[in-house]
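Open the model in your viewer and keep the sequence panel visible. The tour below goes from one selection to the next and says what is there.

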Amino acid sequence: MKSFRVTRDRGRRWHVAFAAIPEPIPAPGTGDVVGVDRGIAVSAALSTGDLLNVPVLREAEAKRLVRLQRKLARAARGSNRRARVKAAIAKLKARETDRRRDWVERTSTGLARDFDVIGVEDLKIKNMTRSARGSIDAPERNVRAKSGLNRAILAAGWGQLVERLEHKAPGRVVKVDPRYTSRTCNACGHVAGESRESQAVFRCVACGHQANADVNAARNIRDTAVGHTVAARRGSGLPGPVNREPQPVLLPA
């Protein structure tokens, strides 16, 4: 242990986190490669056909959150009632965050244990979630929709998943160009935007191949990553130790 940190989150919970550099998870040695397509409707689609989703608030919790947000809008600023409502909202948000972190840890550990190489899209998440408000002189359009998309991307844990994969499987995560992965038919290689009929359905206009759209994209990512594995295996592929801030311990709400 290098150090420790004591923090208190928005839900008024105390955490003690210890700084330690864990050993990487050893590769299984099977030569298996997996592609991971990250999305909104499906948090992570694997080239194996598995569809994984970040757990969200349950229906009753989501309804309570809406009620609390309405109460917050009516509460007077600086009042004790407003402070209590804000604390209740923070507790629900913290619960959702805990579930997302737990999902990221479990998913990344499973992928690192089961596959030698993990292909992901090289997404610039910071640029993708940049504010859409613009300026007074040059206001942006569809600000509300863009803000909702930003929240959905962050809630899906895109960045956290890849970050933890790189910690647990250093040298085995291959980032590929995201262009055309969702428009390319994995069966014949034909590229056409019309092939993606909907968010969930991919039907190639050239050969008629049909598959789940996210799984088809994940298989394209996998096949692209395979082309990089030979070069990756020439060296050890393992970087030196990385000093990281301690991660908050997940405590039950």
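Start with the open sheet of 5 strands, whose order is β5-β4-β3-β6-β7 with mixed pairing. Strands here are DSSP runs of E with at least two residues, helices are runs of H or I with at least four residues, and both are numbered from the N terminus. Two strands count as paired if DSSP finds at least two bridges between them. Before going on, note that this is a predicted model, in which local features need pLDDT of at least 70 and side-chain atom pairs count only at pLDDT 80 or more, while totals for chains, interfaces and linings use all residues. Residues are numbered from 1 along each chain as its sequence is written, and side-chain values use heavy atoms, with hydrogens and water left out.

Select β5 (51-52) and β7 (173-176) to see the edges of the sheet. Each has a single partner strand, so one side of each is left without a neighbour in the sheet.

Next, colour β3 and β4, which run antiparallel and are joined by 3 bridges. Pick R38 and look across to β4, where its bridge partner is A44.

Now move to β6. β3 and β6 pair in the parallel sense over 4 bridges, and V33 stands opposite V117 in β6. β6 and β7 also pair in the parallel sense, over 4 bridges, with E121 opposite V176 in β7.

Are the residues of β6 buried or exposed? Of its 5 residues, 5 are buried, where buried means under 20% relative accessible area, exposed means over 50%, and partly exposed lies in between (1.4 Å probe, protein chains only). Both faces of β6 are covered: V117, G119 and E121 are buried on one side, and I118 and V120 on the other.

Show side chains for the largest nonpolar core, which has 18 residues. A nonpolar core is a set of buried Ala, Val, Leu, Ile, Met, Phe, Trp, Tyr and Cys residues joined through side-chain atoms within 4.5 Å. Which members touch the most other members of this core? They are V36, L111 and I118. At least two residues of the core come from each of β3 (33-38), β4 (44-46), α2, β6 (117-121) and α5 (158-168). The largest contribution is that of α2, with 4 residues.

Centre on L111. Leaving out residues up to four places away in sequence, L111 touches V34, V36, L46, I118 and L165; a contact means heavy atoms within 4.5 Å. Apart from this core lies another, of 7 residues, including L65, L68, V85 and A88.

Go to R99, in helix α2 (residues 80-114). R99 counts as buried because its relative accessibility is 18%. What does the side chain of R99 make a polar contact with? The partner is the side chain of E61, at 2.9 Å. A polar contact is a pair of N or O atoms within 3.5 Å; within protein, one must be able to donate a hydrogen and the other to accept it, and residues adjacent in sequence count only if both atoms are side-chain atoms. Beyond residues up to four places away in sequence, R99 touches P55, V56, L57, R58 and E61.

A second polar contact to display starts from H15, in strand β2 (residues 14-19). H15 is buried, at 4% relative accessibility, and its side chain makes a polar contact with the side chain of D9 (2.9 Å).

Select the cysteines C188, C204 and C207. How many disulfides does the structure hold? The count is 0, with a disulfide taken as a pair of cysteine sulfur atoms within 2.5 Å. The sulfur of C188 has its closest cysteine sulfur in C207, and at 3.6 Å this is too far for a bond. For C204, the closest cysteine sulfur is that of C188, also too far for a bond at 3.6 Å. C188 is partly exposed at 43% relative accessibility, whereas C204 is buried at 3%.

One backbone stop remains: Y180, in the loop between β7 and β8 (201-203). Phi of Y180 is near 70°, a positive value in a residue other than glycine.

Finally, zoom out to the whole protein, which has 6 helices and 9 strands. Of its 253 residues, 35% count as buried.
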